[in-house]
Amino acid sequence: MEELEHTCPHPRTTLTEPAIFAKETSCDCRAPHEKLTITQARRGTPVDRPVRVYADGIFDLFHSGHARALMQAKNLFPNTYLIVGVCSDELTHKYKGFTVMTEIERYEALRHCRYVDEVLRDAPWTLTPEFLEKHKIDFVAHDDIPYSSAGSEDVYKHIKEAGMFVPTQRTEGISTSDIITRIVRDYDVYARRNLQRGYTAKELNVSYINEKKYRLQNQVDRMKEKVRTVEEKSKHFVYRVEEKSHDLIQKWEEKSREFIGNFLELFGPDGTWKQVFQERSGRMLSYALSPRESPCNSPPRELSPLRSPSPPSPLTRWHNARPSPPTSPKGATASISSMSEGDEDEK
């Protein structure tokens, strides 16, 4: 039993190295190869060897849909050894069409998928009993959609009839054809992209006129990007100016309210200035109506001994001789009569 275990390859337990290539002449498995049913394989028997599952395809532009299909095949049974067959460029171009990746590139892509234990190069388009026996294949994994090719309605029909077919599920929304469709649809975008990255028009199979058109479009796009950048910076600048203006206006309004309040407090109807003015006006009016008298104890003004008093002027004498104004009408009449009598005496 131990010898048989050593002569049969086991699934990979490490991911530090890529999967091995299958030998073209024979299979490395030397253990007795008894035919298994799906029920037996799901129970994990036989214990002396893994269940050998085969999945084939083109695997052009290897993507997540491919990886998910291989993941399902790898996890069909508790102990699975997954062999992946990859068709050559010659067969693929003959039966399906031109590929983007070469067969070498597709082989290497499969070798570095974590679910793959062994890669079989130049896989056949149709599986024969001799091929299945040669590689000790227990089951074939593929999606259940009939695959019409090479003059057959379904190339897996005889595998299904033999009870060796195990279906996997396709991943919707992703396929090699979908990816190629995106590239063809946006061809101009990708051509311009690669021109920008340094590829020549000859490498891209682009005509001289289209090359000039793409380069002009690239220049226009760069100008648009610059304008967009300037617009963004301008918007940011305007926003900052508006923010500063708002702050200045708010501060101006606060200062204005403060100034108006101070003005009203000083010059308003009940302001401080009116009170001060009224107080000063009252003092000035009281001073005008009742001037202060000279002090009683102030010494009299003495005349200079060298100067004699000047004789009074006629106006002064007349002013002193003028009688004081009467205090009543009767007094006024009496004064007038006395003045008349005086005039007559003088005559």
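Buried, in this tour, means under 20% relative accessible area, exposed means over 50%, and partly exposed lies in between, with a 1.4 Å probe and protein chains only. The structure on screen is a predicted model, in which local features need pLDDT of at least 70 and side-chain atom pairs count only at pLDDT 80 or more, while totals for chains, interfaces and linings use all residues. Residues are numbered from 1 along each chain as its sequence is written, and side-chain values use heavy atoms, with hydrogens and water left out.

**Whole chain**

Begin by selecting the protein chain and colouring by secondary structure. The chain comes to 14 helices and six strands; helices (H or I, at least four residues) and strands (E, at least two) are DSSP runs, numbered from the N terminus. Of its 347 residues, 28% count as buried. With a contact taken as heavy atoms within 4.5 Å, 69% of the contacts between residues at least 6 apart in sequence join residues at least 24 apart. The exposed surface of the chain is about 25900 Å², and carbon and sulfur atoms supply 56% of it; accessible areas come from the Shrake-Rupley method with a 1.4 Å probe, and for residues only the protein chains shown count as cover.

**Confidence**

Next, colour by pLDDT, the predictor's confidence in each residue, from 0 to 100. The chain averages 80, and 74% of the residues score at least 70. Among the elements, helix H1 (residues 2–7) has the lowest mean pLDDT, 45, and helix H3 (residues 64–74) has the highest, 97. Select residues 1–6: pLDDT is below 50 there, and the stretch has six contacts beyond near neighbours in sequence. Then select residues 303–307, where pLDDT also stays under 50 and the model has zero contacts beyond four places in sequence.

**Helix H3**

Against which elements do the buried residues of H3 pack? Select Gly65, His66, Ala67, Leu70, Ala73 and Lys74, the buried residues of this helix. They pack against S2, S3, H5, S5, strand S6 (165–168) and helix H8 (176–185). Now centre on Lys74, which is placed in helix H3 and is buried, with a relative accessible area of 17%. Leaving aside residues up to four places away in sequence, Lys74 touches Pro11, Thr80, Leu82, Tyr115 and Asp117.

**Parallel strands**

Move on to strand S4 (residues 118–121), which runs parallel to strand S1 (residues 20–21) and is joined to it by two bridges. Two strands pair if DSSP finds at least two bridges between them. Ile20 has Glu118 in S4 as its bridge partner. Strand S3 (residues 80–86) also pairs with S4 in the parallel sense, over four bridges. Here Gly85 is partnered by Leu120 of S4.

**Salt bridges**

Side chains of opposite charge can pair when their charged atoms come close. A salt bridge is counted when a side-chain nitrogen of Lys or Arg is within 4 Å of a carboxyl oxygen of Asp or Glu, and the whole structure has 11 of them.

Select Asp138 and Arg49, whose side chains meet in a salt bridge at 2.8 Å, N to O. Asp138 lies in the loop between helix H6 (129–134) and strand S5 (139–143), and Arg49 in the loop between helix H2 (38–42) and strand S2 (51–57), so the pair ties together parts that are 89 residues apart in sequence. Both Asp138 and Arg49 are buried.

Two further pairs lie within helices. An α-helix has 3.6 residues a turn, so residues three or four places apart point the same way. In helix H5 (residues 103–111), Arg111 and Glu108 are three residues apart, about one turn of the helix, and their side chains form a salt bridge at 3.5 Å, N to O. Arg111 is buried at 17% relative accessible area, whereas Glu108 is partly exposed at 32%.

In helix H11 (residues 208–267), select Glu211 and Arg215, which are four residues apart, about one turn of the helix. The closest N and O atoms of this salt bridge are 3.2 Å apart. Is Glu211 buried or exposed? At 14% relative accessibility, Glu211 counts as buried, while Arg215, at 33%, counts as partly exposed. Elsewhere, Asp144, Asp154 and Lys160 are joined into one network by salt bridges that share partners.

**Nonpolar patch**

Finish with Phe259, Ile260, Phe263, Leu264, Leu266 and Phe267, which make a nonpolar surface patch of about 620 Å². Patches are made of residues with over 30% relative accessible area and no salt bridge: like charges are joined within 9 Å, and nonpolar side chains (Val, Leu, Ile, Met, Phe, Trp, Tyr) within 5 Å. Leu264 has its place in helix H11 and, at 51% relative accessibility, counts as exposed.
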